Amino acid sequence: MALTPETLPRHELNGLPVRVVESDDDAREGLEGRVVIETTNTLSIEVRRNGESRVVMVPKSGSVFEFAITDEAADSAKESGTASKLADTQPGETEQSETPDCAGEGVAYVTVDGSRLLSRPARRTETSGDSPWQ
């Protein structure tokens with residue numbers, strides 16, 4: 001199954017560029033990086049700033065995430081990408097994270113409520129059996 005904005009919640013999220021759009025914890029809002037670990041209830045995001053890297057665990061419940069996927073995956077007809085929900089709220093260029101694939105042309109942004117991701121990743125990506133994710 002191709003990775004599209006519609007099917008993103010059913011795919012493996014590890015390795016995808018992500019931003020925290022909303023969170024119950026204001027300190028987590030605006031965090032961006034790559035998903036390095038996904039569990040049933042959390043996403044662990046590697047955040048890189050000023051040459052340093054740290055992993056921040058963000059609960060899925062109470063959070064809204066914005067994933068960046070290439071336009072080939074989102075829609076091969078698109079040429080210029082789609083607007084980020086955080087485009088007007090991000091800090092200046094010098095404060096951006098060092099994640100190269102989170103901005104620019106050729107990227108589609110998919111916003112997903114964390115409650116849609118509350119499931120074991122292996123279960124959510126199943127394509128057979130009685131999985132509600134099919």
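Arg 48 and Glu 46 form a salt bridge in this predicted model. Their closest N and O atoms are 3.3 Å apart. Arg 48 is partly exposed, with a relative accessible area of 40%. Glu 46 also has a place in the strand pairing: its bridge partner is Val 55 in β4.

That leads to the hairpin. Strand β3 covers residues 42–49 and strand β4 covers residues 52–59. The two pair in the antiparallel sense, over 8 bridges. Between the strands of this hairpin lie 2 residues. Asn 50 is found in that loop, between β3 and β4. Its backbone deserves a look: phi of Asn 50 is near 50°, a positive value in a residue other than glycine. Is Asn 50 buried or exposed? Asn 50 counts as exposed, because its relative accessibility is 72% and the exposed class begins over 50%.

Now follow β4 to Val 55. This residue lies in strand β4 and stands as bridge partner to Glu 46. Val 55 counts as exposed, at 53% relative accessibility. Val 55 also belongs to a nonpolar patch on the surface. The other members are Val 36 and Ile 37. Together the three have about 240 Å² of accessible area.

Step across β3 to its other partner. Strand β2 (residues 32–38) and β3 pair in the antiparallel sense over 4 bridges. Within this pairing, Val 35 stands opposite Ile 45 in β3. So β3 has β4 on one side and β2 on the other, because the sheet order places β3 between them.

The whole sheet can now be laid out. Strands of a sheet pair through backbone hydrogen bonds, either parallel or antiparallel. Here 6 strands form an open sheet, and the pairing is antiparallel. The order is β4-β3-β2-β1-β5-β6. Which strands form the edges? The edge strands are β4 and β6 (107–113), and each pairs on one side only. Neighbouring strands of this sheet are turned by 40° against each other on average, direction ignored.

Along the chain, the elements run β-β-β-β-β-α-β-α from the N terminus on. That makes 2 helices and 6 strands in the chain. Of the 134 residues in the chain, 41% are buried.

Return to the charged side chains. The structure holds 5 salt bridges. One of them joins Glu 32 to Arg 19, with the closest N and O atoms 3.4 Å apart. This pair links distant parts of the chain: Glu 32 sits in strand β2 and Arg 19 in strand β1 (residues 17–23), 13 residues apart. In the sheet order, β2 and β1 stand next to each other.

Arg 19 has a second partner. The side chains of Arg 19 and Glu 66 meet in a salt bridge, at 3.4 Å from N to O. Again the pair links distant parts of the chain: Arg 19 in strand β1 and Glu 66 in strand β5 (residues 63–70), 47 residues apart. Strand β5 follows β1 in the sheet order. Arg 19, Glu 32 and Glu 66 are thus linked in a network of salt bridges.

Are the members of this network buried or exposed? Glu 32 is buried, with a relative accessible area of 2%. Glu 66 is buried too, with a relative accessible area of 2%. Arg 19 counts as buried, at 6% relative accessibility. Each gets this label because its value falls under the 20% limit for buried residues. Arg 48, by contrast, is partly exposed at 40%.

Last come the rings. How many aromatic pairs are there? The count comes to 1 aromatic pair. Phe 65 and Phe 67 form this pair, with 6.3 Å centre to centre and 40° between the planes. The pair is tilted, because 40° falls neither under 30 degrees, the stacked range, nor over 60, the edge-to-face range. Phe 65 is buried, with a relative accessible area of 0%. Phe 67 is buried as well, with a relative accessible area of 0%.

Technical notes:
Residues numbered from 1 in each chain as written. Predicted model: local features only at pLDDT ≥ 70, side-chain atom pairs only at ≥ 80, totals over all residues. Heavy atoms only, no water. Phe/Tyr/Trp six-rings, centres within 6.5 Å; stacked < 30°, edge-to-face > 60°. Buried < 20%, exposed > 50% of the residue type's maximum accessible area, 1.4 Å probe, protein only. Patch = residues over 30% accessible without salt bridge, like charges linked within 9 Å, V, L, I, M, F, W, Y side chains within 5 Å. Areas by Shrake-Rupley, 256 points an atom, 1.4 Å probe, with all protein chains shown as cover. Salt bridge = Lys/Arg side-chain N within 4 Å of Asp/Glu carboxyl O. Axes fitted to C-alpha atoms, helices over the stretch in contact; angles between N-to-C directions.
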